[in-house]
Amino acid sequence: TIELFDGSSTLNHYTYDGNAKEPAVKVIDGSTEIDPDEYKIVYSDNVDAGRATVNITAKTGGNYTVTGSATFVIVPADIEFNPAPSAADITYDGKAHELLVPGVTSGGEVLYALGSATSTYNAAIPTAADAGNYTVYYKVIGDKNHNDYAIDHVDVTIKRKPLTAVTIELTPNHFEYDGTVKMPQVTAKDG
């Protein structure tokens, strides 16, 4: 019998963290624990999520003929953001800007949607040009080693541009009185 341990506890499973997993091994014949000097341990498929194998083979010149294998499971990890996506600091300038500062995720593919959690998601960060309030939704599609990340959102505001040096132009800028209403074209400029 081959028993696997994580520290002093019987191994249930590992969670993926990018490192090779090598549980402690005990080989038991009936009620006798076989000395570890009697066998070699070879681990395989023990980094990524899935089923990993521990192969036991007898060492040359030993007292026992020891062979066998045992398996254990590495489960996908939950995705973590560090940092999480955050609202971009945007003031209206007439140009489209990405609404988020993207976060950094531990795995998977981040997808974004604008305006509704049920909108179409894609890998491009949503953009907008007009001043106003926006809600950007994001989720992560897990990969082989990571679970999916549930939908979350960030509220973003594109601030109105403050006018600093306003000039007003009238075209034409003068009329000759003739008793009728005159309506010049009004143009306001900043700077």
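Before I start, one definition: a residue is called buried here when its relative accessible area is under 20%, exposed when that value is over 50%, and partly exposed in between. With that cut-off in hand, Phe81, at 15% relative accessibility, counts as buried. I should also say at the outset that this is a predicted model, and that everything I describe is computed from it.

Let me turn to the aromatic side chains. A search of the whole structure finds four aromatic pairs, and one of them joins Phe81 to Tyr149 in an edge-to-face arrangement, with 5.0 Å from centre to centre and 80° between the planes. Phe81 belongs to the loop between β8 (67–75) and β9 (86–87), while Tyr149 is in strand β16 (residues 149–159), so this contact ties together parts that are 68 residues apart in sequence. Tyr149 itself is partly exposed, its relative accessible area being 24%.

Tyr149 also has a second ring partner, Tyr138: their centres are 6.4 Å apart and their planes lie at 15°, so this pair is stacked. Since Tyr138 sits in strand β15 (residues 132–141) and Tyr149 in strand β16, the stacked pair ties together parts that are 11 residues apart in sequence. Tyr138, with a relative accessibility of 3%, counts as buried. Taken together, the ring pairs link Phe81, Tyr138 and Tyr149 into a cluster.

There is also a contact between a charge and a ring, in which the charged end of Lys139 sits over the ring of Tyr121, at 4.4 Å from the ring centre.

Now to the strands, and to the sheet that includes the two I have just named. Which strands form this open sheet, and in what order? There are four, arranged as β10-β16-β15-β13, and the pairing among them is mixed. At the edges are β10 (90–91) and β13 (109–114), each of which pairs on one side only. Strand β10 runs parallel to β16, to which two bridges join it, and the bridge partner of Ile90 in β16 is Ile158.

Finally, I come back to β8, the strand that precedes the loop holding Phe81. Strand β8 pairs with β7 (residues 50–58) in the antiparallel sense over eight bridges, and within β8 it is Val73 that stands opposite Arg51. Strand β8 also pairs with β3 (residues 14–15), in this case in the parallel sense and over two bridges, with Tyr14 standing opposite Ile74 of β8.

Note on methods:
Residues numbered from 1 in each chain as written. Predicted model: local features only at pLDDT ≥ 70, side-chain atom pairs only at ≥ 80, totals over all residues. Heavy atoms only, no water. Phe/Tyr/Trp six-rings, centres within 6.5 Å; stacked < 30°, edge-to-face > 60°. Buried < 20%, exposed > 50% of the residue type's maximum accessible area, 1.4 Å probe, protein only. Lys NZ or Arg CZ within 6 Å of the ring centre and 35° of its normal. Pairing = 2+ DSSP bridges.
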